[in-house]
Amino acid sequence: MLDQIILLCRPGFEKECAGEIIELANLSQFPAYVQTDNKTGVVRLISSTEQDTKVLITGIDFRQLIFTRQWLASHKTILELPETDRLTSILQHIKLFEEDFHDVELDYADTNEGKSLNKFCKQFKPHLISALKKNRLLSAHARWRLHLFFTDSLHVTIGLSPIDNNASDAMGIIRLKMPGRAPSRSTLKMEEAIHWFLHTDQQTDLIKAGMTAVDLGAAPGGWTWQFVQRECHVTAIDNGPMDDELLKTGMVEHIKTDAFTYKPDNKVDWLICDMAERPLHVSRLIARWLADKQCQNAIFNLKLPMKKRLQCTQECIKLIEKSLTQEKIKHSIQAKQLYHDREEITVCILCP
């Protein structure tokens, strides 16, 4: 029986990550408690009965989790490895699962101490894969991903997650390179959001040449740049200056006005917004645009307060949900604290 779920998150957001998972465990009538330390980037949900956490990790939709980057069900036991032959001990424990695996991921916390394991994991992984193949533990048709969560090079927790209910990128981090011509690093938040919230077909269908977008709080144009690269026409709303090269594309109209009072002449395909404003204030603005049918879809950031961040997040999402439901607007809402987010979350609302 697997008796815990390990959840990885942004260091400093352990309470929010823990609050989400224990709430969902309670809704699933799964008795459990959480263990975590601040700034570790790791939360452990421990089963308080004989129930197997494999049941929970398949029953909860991973994409519901806003503050969790990756998760795995495992035993509470931390395996201590001999320095000279790690593989033998690891394989012995893997075989106890009596499963074969689609692939394998080597995890560690997103802290300075955790990141020091990056080189070790890269060097160790090919040897592990070779041993798994030799022992016929890898299968293209398997439904589980094998996880090795290292706290250091000699201590590991071995677990698994469903390949159709976890983060497909290692440790839930989408690796992106900063585009050389983009006006600001905020462009990475929008690029990651597009990859996280929209599957490949949606990216092609929902953001394509000729579409229109309004970017509230656009300057200097990091988010606008992503839509211009996809040949969309963007109205950039900001009293601050926009990037000159971006304006030279002819795809951007810069209007210097208040983002909270601006209204488009015609409905646009996308509303995007990354402003350092109170989250409820931004949520009401987004809800108004969608309820008034001034935009079809929206991606926006909510800057979270220092305290009660999970409560604030839930209040903002409920506010928007209530507004759209009252107007009988079909919609889907997803929220995530992306890797390139800081004290914030990103929200995507699609209205098909």
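**Exercise 1. Determine whether Cys-9 is buried or exposed in this predicted model, and whether Cys-9 and Cys-232 belong to disulfides.**

*Solution.*

Step 1. The relative accessibility of Cys-9 is 1%. Buried means a value under 20%, so Cys-9 counts as buried.

Step 2. A disulfide requires two cysteine sulfur atoms within 2.5 Å. The structure holds zero disulfides. For Cys-9, the nearest cysteine sulfur belongs to Cys-17 and is 4.4 Å away, and Cys-9 is in no disulfide.

Step 3. Cys-232 is likewise in no disulfide; its nearest cysteine sulfur, that of Cys-348, lies 14 Å away. With a relative accessible area of 0%, Cys-232 is buried.

**Exercise 2. State how many cavities of 30 Å³ or more the structure holds, and identify which residues line them.**

*Solution.*

Step 1. There are two cavities of 30 Å³ or more.

Step 2. The largest cavity encloses about 70 Å³. Its lining includes Thr-68, Arg-69, Trp-196 and Tyr-339. By class, that lining has five nonpolar, three polar and three charged residues.

Step 3. The second largest cavity has a volume of about 50 Å³. Cys-9, the buried cysteine of Exercise 1, is one of its lining residues, and Leu-8, Gly-41, Tyr-108 and Met-171 are among the others. This lining divides into six nonpolar, one polar and two charged residues.

Step 4. Arg-69 appears in the lining of the largest cavity and also in that of the second largest cavity.

**Exercise 3. Describe the largest pocket: what is its volume, and which elements supply its lining?**

*Solution.*

Step 1. The volume of the largest pocket is about 500 Å³.

Step 2. Its lining consists of 17 residues; those nearest the centre are Glu-20, Gln-64, Ile-66, Gln-314 and Ile-317.

Step 3. At least two lining residues come from each of helix H1 (14–27), helix H11 (309–326) and strand S14 (332–336). H11 gives the largest share, six residues.

Step 4. Sorted by class, the lining comprises seven nonpolar, four polar and six charged residues.

**Exercise 4. Describe the second largest pocket in the corresponding terms.**

*Solution.*

Step 1. The second largest pocket contains about 360 Å³ of space. Its lining has 16 residues, and Arg-10, Tyr-339, His-340, Asp-341 and Arg-342 are the closest to its centre.

Step 2. Helix H4 (112–115) and helix H6 (187–197) each contribute at least two residues to this lining.

Step 3. The class count is three nonpolar, four polar and nine charged residues.

Step 4. Tyr-339 thus belongs to the lining of this pocket and to that of the largest cavity.

**Exercise 5. Analyse helix H11: what is its span, which of its residues are buried, and what covers them?**

*Solution.*

Step 1. H11 has 18 residues, and its first and last C-alpha atoms are 26 Å apart, close to the 26 Å expected at 1.5 Å a residue.

Step 2. The buried residues of H11 are Arg-309, Leu-310, Cys-312, Thr-313, Cys-316, Ile-320, Ser-323 and Leu-324.

Step 3. The cover over these residues includes H1, helix H10 (279–291), strand S13 (295–303), S14 and strand S15 (344–350).

Step 4. Ser-323 serves as an example. Its relative accessible area is 17%, and therefore it is buried. Beyond its neighbours within four places in sequence, Ser-323 is in contact with Ala-287 and Ala-291.

**Exercise 6. Identify which lysines in and around the loops beside H10, S13 and H11 have a positive phi, and state whether Lys-293 and Lys-308 are buried or exposed.**

*Solution.*

Step 1. Lys-293 lies in the loop between H10 and S13. Its phi is near 55°, a positive value in a residue other than glycine. At 53% relative accessible area, Lys-293 is exposed.

Step 2. Lys-308 is found in the loop between S13 and H11. It has a positive phi of about 55° although it is not a glycine. Its relative accessible area is 62%, and Lys-308 is exposed.

Step 3. Lys-328, just after H11, takes a positive phi of about 55°.

**Exercise 7. Locate the cis peptide bond that involves Pro-220.**

*Solution.*

Step 1. The bond joins Ala-219 and Pro-220 and is cis, with omega about 0°.

Step 2. Pro-220 sits in the loop between strand S9 (212–216) and helix H8 (222–229).

Notes: Residues are numbered from 1 along each chain as its sequence is written. This is a predicted model: local features need pLDDT of at least 70, side-chain atom pairs count only at pLDDT 80 or more; totals for chains, interfaces and linings use all residues. Side-chain values use heavy atoms; hydrogens and water are left out. Buried means under 20% relative accessible area, exposed over 50%, partly exposed in between (1.4 Å probe, protein chains only). On a 1 Å grid over the protein atoms alone, a cavity is a set of points where a 1.4 Å probe fits but cannot get out, and a pocket is an open set with protein on both sides within 12 Å along at least five of seven lines; lining residues have an atom within 4 Å of a point. Grid points are joined across faces, edges and corners, and a volume is the space filled by probe spheres set on the points. Helices (H or I, at least four residues) and strands (E, at least two) are DSSP runs, numbered from the N terminus. Ala, Val, Leu, Ile, Met, Phe, Trp, Tyr, Cys and Pro count as nonpolar, Asp, Glu, Lys and Arg as charged, and the others, Gly among them, as polar. Contact means heavy atoms within 4.5 Å. The expected span of a helix is 1.5 Å times one less than its number of residues.
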